[in-house]
Amino acid sequence: MSDRNGVRSIDVGAPPTRFARGWHCLGLAAPFRDSGPHAVEAFGTKLVVFADASGELHVLDAYCRHMGGDLTRGTIKGSSIACPFHDWHWGGDGKCTKIPYARRVPPTARTRSWLTLEQNQQLFVWSDPQGNMPPANVTIPRIEGAYSDDWSNWTWDTLTVDANCREVVDNVVDMAHFFYIHFAFPTYFRNVLEGHIAAQYLKTRSRPDYEPDPGRSGGGQSGRGQSGSGQSGGGQSGASTQIGLVSEAAYYGPSYMIDYLNYDYHGVPMDAVLINCHYPVTPERFVLQWGVIVKKLPGLSPEQADKVAAKFAKFVGLGFQQDVDIWTHKSRIDNPLLCAEDGPVYQLRRWYEQFYLDVEDIPADMVARHEFEIDTSRAVEAWEAEVAANLAARQGASQPVPSESGVG
Amino acid sequence: MVLAAKFSVQHTSVQWDATAVRQCAEFARRTAVGEQTPLIERCGAMRASIDAAALDGRLPVAPPWLG
């Protein structure tokens, strides 16, 4: 990797041609029930999503096995989707249920049906190149707030990104960028990687001297499992509107992260849940999605609660936009050069690799428990003392004191 | 078996194998009431023993490239 002058090259590698095994969220379930059918481009192909007569959602390959017609441009008839080309009817299990102009349906008339799951008001499909059913312990956990009147409704946003989806997963171990993109001090950062779950425990504090610049986002980076919206909302220079944030996040499988957040909203503690999820379109393109619910503050109407959630989601989105700017201009790198204060990137990629191997080929160490922790609180205290001194000097001195801290 | 490393006072990383996870009493107590080990933030006893080993010098506190 290094040449004879000690210069290290980037090993660009190549994205896998197969797609990750696991549950993938296609979006909120309710919109898929509206009229329909609906098209989703994912997993290197096109899918058709439709609701049957009882309202249950089904997902099939979109291209009809008869003559290749696009079922997403067809019509739901009863509990089947009818192809616009020759009106072949396909049921939710993939079997052809009717060919109106034929006496009988050929016995091999069966297309691919994708296993679905509805959880947390969202629709999931199971992707597995080996075609196996999901193991019992590999599922999407229930988020109680998604079913509770004490919480707002989901916001939901999507963004198509021209990069390999590993870029977003790398963020679960990325502690350092909090300093550089979101003007926040991570005071505590921990990862636990085990089995199909990758968890991140995070605490941050805002910078006391940071004034939000509308041209630069202080918003969330939920790709890393934390939103900084609390920090940017503070921003009163010098005043102690220190906004603390506690985040507990985990990927359940390769693509769906649930992030439980507690943060300070203008002096009031707020509870929120942020979903950060994605599905692959091709090996070089994925759709990133994020959704937010917030627990209603006492006295807030449902509409007001939804507004709070929308505001939070907007800050999260600003953070993701910054991430996308990085991802779409960076090189893929399979041999990152790390320092002692970086997170466990190689261990995270080893954990992520399990979803691209046949189940029988997963080595034990790939799914063994790995813990990584950095307690940065002492470094942050020292930095804040320096910033406080800078602020005092600015206010007291007739000449501005140059700051080396790169404020703003 | 558990492998532990501390690159600095602030840093700790721990690699468990499946046997160690099974043998941990705290994990056993918590999984018996329905928790899953990936979502258990830490084992208190393991953390205490790592901290003790770092304090009395049995566990070196240094980044790996400094040996």
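**A four-strand sheet and a chain contact**

Visitor: What sheet do strands 5-6-7-8 of chain A form?
Guide: These 4 strands form an open, antiparallel sheet in the order 5-6-7-8 in chain A. Strands are DSSP runs of E, at least two residues, and helices are runs of H or I, at least four, numbered from the N terminus. Two strands pair if DSSP finds at least two bridges between them.

Visitor: Which are the edge strands?
Guide: Strand 5 (75-77) and strand 8 (96-98) of chain A, each pairing on one side only.

Visitor: And how do strand 6 and strand 7 of chain A run?
Guide: Antiparallel, with 3 bridges between strand 6 (residues 80-82) and strand 7 (residues 89-91). In strand 7, A:His89 is the bridge partner of A:Ala82.

Visitor: Is this model predicted, and how is it numbered?
Guide: This is a predicted model: local features need pLDDT of at least 70, side-chain atom pairs count only at pLDDT 80 or more, and totals for chains, interfaces and linings use all residues. Residues are numbered from 1 along each chain as its sequence is written, while chains are lettered from A and ligands numbered from 1 in the order in which they are written.

Visitor: New topic. How many residues of chain B are in contact with chain A?
Guide: 18, and they meet 21 residues of chain A; contact means that C-beta atoms, placed from the backbone, lie within 7 Å.

Visitor: Which element of chain B gives the most?
Guide: Strand 2 of chain B, with 6 residues.

Visitor: Which strand of chain A does strand 2 of chain B pair with?
Guide: Strand 19 (residues 370-375), in the antiparallel sense over 5 bridges. There, B:Thr12 is the bridge partner of A:Glu373.

Methods:
Contact = placed C-beta atoms within 7 Å.
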